[in-house]
Amino acid sequence: MPDYHDDLRLAHVLADSADAVTMERFKALDLKVETKPDMTPVSEADRAAEELIRTQLQRARPRDAVLGEEFGSEGSGPRRWVIDPIDGTKNYVRGVPVWATLIALMERGEDGDRPVVGVVSAPALGRRWWAAKGLGAYTGRSLSAATRLRVSQVGTLADASFAYSSLSGWEERGKLDGFLDLTRACWRTRGYGDFWSYMMVAEGSVDICAEPELSLWDMAANVIVVEEAGGRFTGLDGVPGPHGGDAAASNGLLHEELLSHLG
């Protein structure tokens with residue numbers, strides 16, 4: 001199995017740099033925010049963080065391709081870094097601390113491009129999670145001060161905690177009835193949203209989560225963290241990985257039931 005220690009260390013360095021940029025502008029009264037063509041917001045901090053990450057990758061991994069939410073795709077080859085400079089921009093621009101920088105390395109194999117390294121850094125929450133293929137998933141303040149992540153062992157929906165982002169997306173896709181049926185079947189539901197739902201699945205504090213519309217950069221880092229913590233991450237069609245445009249993540253024990261409601 002390839003050794004991803006150096007790539008994981010680099011991802012932490014990239015996250016450190018991004019955290020400095022995003023925290024400096026978080027809650028700034030003069031923060032500049034624009035609306036993109038897809039009607040989602042983008043701030044100057046989104047662009048600055050992605051530009052900085054791309055510059056560092058060009059120096060450290062010049063042969064690797066890069067895909068980012070704000071500046072698109074660059075380069076080609078079997079290794080590609082996937083970046084979401086601020087996952088949760090709507091929270092960021094309103095001063096809500098639930099947002100994170102997502103950094104993933106994807107590598108091409110026999111089953112297509114799969115995430116092999118992922119770092120999820122939420123500096124306003126004082127939290128960071130990370131994983132690499134075959135090395136496990138962890139949370140902590142640094143590589144040397146970390147706790148191993150394990151998904152829960154909850155085996156029935158009646159005992160399960162379900163995390164989601166919003167109701168509107170499910171309604172727009174004609175899946176609201178299944179979504180509501182799932183909420184009624186679960187012990188507890190909370191709309192944590194974005195990256196945080198997946199990290200709580202990996203931690204074992206939430207058992208299942210799902211979102212109806214996502215991009216690759218929203219999912220790539222989350223996939224490897226959930227999987228290395230012992231969970232499952234698929235599209236709503238059950239296909240593993242971050243390529244389906246939607247997501248279902250679980251502790252594994254509840255995955256088929258999750259898909260039966262939302263797939």
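## Reading a helix pair and the overall fold

Tutor: Of the 263 residues of the chain, 52% count as buried (under 20% relative accessible area with a 1.4 Å probe, protein chains only). This is a predicted model, in which local features need pLDDT of at least 70, side-chain atom pairs count only at pLDDT 80 or more, and totals for chains, interfaces and linings use all residues. Residues are numbered from 1 along each chain as its sequence is written, and side-chain values use heavy atoms, with hydrogens and water left out.

Student: How many helices and strands are in the chain?

Tutor: The chain has 8 helices and 15 strands, taken as DSSP runs (helices H or I, at least four residues; strands E, at least two) and numbered from the N terminus.

Student: How is a pair of packed helices described?

Tutor: Two packed helices are described by the angle between their axes and the distance between the axes. Here H5 (residues 176-185) packs with H8 (residues 255-262) at about 140 degrees, the axes being 7 Å apart. Axes are lines fitted to C-alpha atoms over the stretch in contact, and angles run from 0 to 180 degrees between N-to-C directions. H5 is therefore oblique to H8, as angles under 35 degrees count as roughly parallel, over 145 as roughly antiparallel, 65 to 115 as roughly perpendicular and the rest as oblique.

Student: Which residues make the contact?

Tutor: Contact means heavy atoms within 4.5 Å. H5 contributes Gly178, Phe179, Asp181 and Leu182, and H8 contributes Leu258, His261 and Leu262.

Student: What are the spans of the C-alpha trace along its principal axes?

Tutor: The spans are about 50 × 45 × 35 Å.

Methods. Buried means under 20% relative accessible area, exposed over 50%, partly exposed in between (1.4 Å probe, protein chains only).
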